[in-house]
Amino acid sequence: MDPFRSLLLLSSLFSVAAPHSILQISPGSRRHGDRSAWKGDELYCDSWRFSVETNDAGIWTQVPERCVGFVREYMTGERYASDCGMVSNNSMSFAGGVKIAGDGKDAWIFDIDETLLSNLPYYAAHGFGSEVFDETAYNEWANLADAPAIPASLMLYNVLKRLKFKLILLTGRTEVQRNATAKNLLLAGYSNWERLILRGIDDVGKPALVYKSHKRAELEGEGYRIHGNSVELCSCDSVALSYGNRRQFSSLWA
C-alpha cells in the first residue's frame, strides 16, 4: 500500500492539549492566493475525503490536484491534531481500565508509520500526495531514520509502559529496514518495546490484512492477550476490530 494512503487514514495519535503540527509551516508560506484557489473546491474535497474514509473511492494513487491545498491545510493545521487527539484520549481511557495480570502477556500492538512515526516531512516535500508514489524515494527517506515521533503517540506509548503493557511493534516494513527502523524509533524517543516485527522474506507481497492478521494470531498462539491495537485504518480486519476486551484505535483522515 502507498504509505500516503496510510497518512490520510491515520492512526496517528495527537494530544488535544498540543494542537500543533509536526511540520511547522509559517503563516507567510500559506499564501492567500493558494487559499482562495482551493477554497472553492473545499466542498468537493471534503466529499472526496469522505469517500476515502469509507473506502468508496477504492484504489487511488494520487490526491486530486484540486485537493492538494485542502490536504496541506488539514495536515499542517489544528484540525488534524484535534481529530487525532480524540483517539489518543480514548486509547488512554480504555487502557487505564484494563486489569494487568502481571504475567507479561498483556499486550498492546502499535503500527509504526503514521502511528508512532510521522512521514509528513517526506510528503510535504513530495506534493502532499499529488505525486505518484515512488517506493525507492520513500525507502531512501525511511533509511535516513529522520521521521519524527508523533507527540501524543509517544505520550500514549509511555503511559502504556507505566501501566505494564507489553508493547509490540508490527510494521509492514521489511527486515532489511530493521536497523534503520530501530534507530529511528530510539532517536524519536521510543524504547523498551517487547518485540519489533517486520516482514520476512515469506511475508513480502502479502496484503497487509493477511500479513498482520497472521502475525497477531501467532502472538495470541504464544499466549499474549492483545488488549489494544493502534494502527492505520487499512490494517483493520475481523480479528482486530473491537470486541470483548480488545479495542482497536484508528483515526480517519477527517
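1. A friendly place to begin is a charge over a ring: Lys105 lies over the face of Tyr224, with 4.3 Å to the ring centre. A similar arrangement involves Arg66, whose charged end sits over the ring of Tyr44 at 3.9 Å from its centre. Please keep in mind that this is a predicted model.

2. Now for the overall picture. The chain contains 10 helices and 5 strands. Of its 254 residues, 50% count as buried. The exposed surface comes to about 11,600 Å², and carbon and sulfur atoms supply 54% of that area. If you look at contacts between residues at least 6 apart in sequence, 78% of them join residues at least 24 apart.

3. Strand β1 deserves a careful look. This strand spans residues 106–110, and 5 of its 5 residues are buried. Which residues lie on each side of β1? Asp106, Trp108 and Phe110 are on one side, with Ala107 and Ile109 on the other, and both faces are covered.

4. β1 also has partners in the sheet pairing. With strand β4 (residues 225–230) it runs parallel, joined by 5 bridges, and here Asp106 stands opposite Arg225. With strand β2 (residues 166–174) the pairing is again parallel, over 4 bridges; in this case Ala107 stands opposite Lys166.

5. On to the aromatic residues, where the count comes to 9 pairs. The ring centres of Trp108 and Phe165 are 5.6 Å apart and the planes meet at 85°, so this pair is edge-to-face. Trp108 belongs to strand β1 while Phe165 is in the loop between α8 (151–162) and β2, so the pair ties together parts 57 residues apart in sequence. Both Trp108 and Phe165 are buried.

6. A second pair from β1 is worth setting beside that one. Phe110 and Tyr157 have ring centres 5.7 Å apart and planes at 45°, so they count as tilted. Because Phe110 lies in strand β1 and Tyr157 in helix α8, this pair ties together parts that are 47 residues apart in sequence. Phe110 and Tyr157 are both buried.

7. There is also an aromatic cluster, formed by Tyr122, Tyr123, Phe133, Tyr138 and Trp141. One of its members, Tyr138, lies in helix α7 (residues 135–143). Is Tyr138 buried or exposed? Its relative accessibility is 6%, so Tyr138 counts as buried. The C-alpha atoms of Tyr138 and Asn119 are separated by 9.3 Å, with the two residues 19 apart along the chain.

8. The nonpolar interior brings several of these residues back. The largest nonpolar core has 28 residues, and Trp108, Phe110, Leu160, Leu169, Leu185 and Tyr190 are those with the most contacts inside it. At least two residues of this core come from each of α5 (78–96), β1, α6 (120–124), α7, α8, β2, α9 (178–188) and β3 (195–199). Helix α8 gives the largest share, 4 residues.

9. Finally, what does Leu169 touch, leaving aside residues up to four places away in sequence? Its contacts are Phe110, Ile112, Leu116, Tyr157, Leu185, Trp193, Arg195, Leu196 and Ile197. A second core, separate from the largest one, has 15 residues, including Cys45, Cys67, Val71 and Phe128.

Technical notes:
Residues numbered from 1 in each chain as written. Predicted model: local features only at pLDDT ≥ 70, side-chain atom pairs only at ≥ 80, totals over all residues. Heavy atoms only, no water. Buried < 20%, exposed > 50% of the residue type's maximum accessible area, 1.4 Å probe, protein only. Pairing = 2+ DSSP bridges. Phe/Tyr/Trp six-rings, centres within 6.5 Å; stacked < 30°, edge-to-face > 60°. Lys NZ or Arg CZ within 6 Å of the ring centre and 35° of its normal. Contact = heavy atoms within 4.5 Å. Areas by Shrake-Rupley, 256 points an atom, 1.4 Å probe, with all protein chains shown as cover. Core = buried A, V, L, I, M, F, W, Y, C linked by side-chain atoms within 4.5 Å.
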